[in-house]
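This report introduces a protein chain to a reader who has not met it before. Please keep the sequence and the structure in view while reading.

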Amino acid sequence: MHRVTDGAGLRERGKAKRRAAITRAAFELFAEQGFDATTVAEIAAAAEVSPRTVTLYFRSKQDIAFATFDSSVAALTEALRSRAPGLPAVHALERWLREELACHDELDEMGVRMFEANPELRAVKTARMAAVIEEGASILAEDTGQRPGSLGPRLAAAAAAAVITEIVEHPEGADRNGAITLAMAFLKGGVDAMTASESEKRAAAK
């Protein structure tokens, strides 16, 4: 049983290693020569795998380009949805962001450069962020007792998305922890004001 578990673990590590190699090679090529100009064959050669292996791990070049972005979005959504009862969404966001940056590595920096070099990918990223903002607005509406689709939660979610983007793309060596503290104080203040305003409206309506 122990050997079977070890074998499965080795296979998973091997898959993760190949996936990371493909992603790294693609990010570098996309940044250097452009997303459209890069072929799957070139990515495979740079990652030292076959083109078929690339397509087994990723359905398209765009899936490779958004590999780390999609992973981060999924982790953030899970952190918000599975937070402890009573824990405000903004506090869960801060915890996730600090953990995310603690694991920030060269691949993440390569991803930033890739998006900077490819306007077409930035446009897709903006569209995907709209869905993230919508999800965040729904969560914040629940937190503050407001109706789904209300302006306040939408504004707060958009501000949170802007904060995350700015901090993650901050220049290397910047005081990211200090930036998180400042940004979270701003977001928490906005959400607290929104919650207080909603409470006052309910009290006035009674």
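How many residues has α5, and what distance does α5 reach from its first C-alpha to its last? Helix α5 has 15 residues and reaches 21 Å between these two atoms, close to the 21 Å expected at 1.5 Å a residue.

## Overall architecture

The model is predicted. Its secondary structure comes to ten helices and zero strands, so that from the N terminus on the elements run α-α-α-α-α-α-α-α-α-α. The chain has 206 residues, of which 36% count as buried.

The chain exposes about 12,000 Å², and carbon and sulfur atoms supply 57% of that area. When contacts between residues at least 6 apart in sequence are considered, 68% of them join residues at least 24 apart.

## Helices α5 and α8

Helix α5 covers residues 67-81. Its buried residues are A67, F69, S72, L76 and L80. Helix α8 covers residues 119-144. For its 26 residues, a rise of 1.5 Å a residue gives an expected span of 38 Å, and the end C-alpha atoms are 36 Å apart, which agrees. Within α8, the residues L121, K125, M129, G136, A137, I139, L140, A141 and T144 are buried. The residue that follows α8 is G145, with a positive phi near 75°.

Two packed helices are described by the angle between their axes and the distance between the axes. Helices α5 and α8 pack at an angle of about 5°, and their axes are 11 Å apart. Angles under 35 degrees count as roughly parallel, and α5 and α8 are therefore roughly parallel to each other. On the α5 side the contact is made by F69, D70, V73, T77, L80 and R81, and on the α8 side by K125, R128, M129, V132, E135, S138, I139 and E142. By class, this contact of α5 with α8 has six nonpolar, two polar and six charged residues. F69 and L80 of α5 take part in this contact and are also among the buried residues of their helix.

## Helices α7 and α8

How is α7 oriented with respect to α8? The axes of α7, which covers residues 106-117, and α8 come within 5 Å and cross at roughly 105°. That makes α7 roughly perpendicular to α8. The residues that meet are M114, F115, E116 and A117 in α7 and P119, L121, R122 and K125 in α8. They divide into five nonpolar, no polar and three charged residues.

K125 of α8 appears in the contact with α7 and also in the contact with α5. K125 is listed among the buried residues of α8.

## Helix α6

Helix α6 has 14 residues, 89-102, which at 1.5 Å a residue should span 20 Å; its end C-alpha atoms are 20 Å apart, in agreement with that value. The buried residues of α6 are A89, V90, A92, L93, E94, W96, L97 and L101.

## P153 and G190

P153 lies in helix α9, residues 151-168. Is P153 buried or exposed? P153 counts as buried, because its relative accessibility is 1%, and buried means under 20%. Apart from neighbours within four places in sequence, P153 is in contact with A137, L140, A141, T144, Q146 and M194. Of these partners, A137, L140, A141 and T144 are buried residues of α8. The C-alpha atoms of P153 and I133 are separated by 9.5 Å, the two residues being 20 residues apart along the chain.

G190 is found in helix α10, residues 176-205. G190 is partly exposed, with a relative accessible area of 40%. G190 and P153 are 37 residues apart in sequence, and their C-alpha atoms are 9.8 Å apart in space.

## T53 and E48

T53 lies in helix α3, residues 51-57. With a relative accessible area of 17%, T53 is buried. Not counting residues up to four places away in sequence, T53 touches R18 and I22.

E48 lies in the loop between α2, residues 40-47, and α3. At 74% relative accessibility, E48 counts as exposed. Most residues other than glycine have a negative phi. E48, however, has a positive phi near 60° and is a residue other than glycine.

Methods
Residues numbered from 1 in each chain as written. Predicted model: local features only at pLDDT ≥ 70, side-chain atom pairs only at ≥ 80, totals over all residues. Heavy atoms only, no water. Helix = DSSP H or I, 4+ residues; strand = E, 2+ residues; numbered from the N terminus. Expected span 1.5 Å × (residues − 1). Buried < 20%, exposed > 50% of the residue type's maximum accessible area, 1.4 Å probe, protein only. Axes fitted to C-alpha atoms, helices over the stretch in contact; angles between N-to-C directions. Parallel < 35°, antiparallel > 145°, perpendicular 65-115°, else oblique. Contact = heavy atoms within 4.5 Å. Nonpolar A, V, L, I, M, F, W, Y, C, P; charged D, E, K, R; others polar. Areas by Shrake-Rupley, 256 points an atom, 1.4 Å probe, with all protein chains shown as cover.
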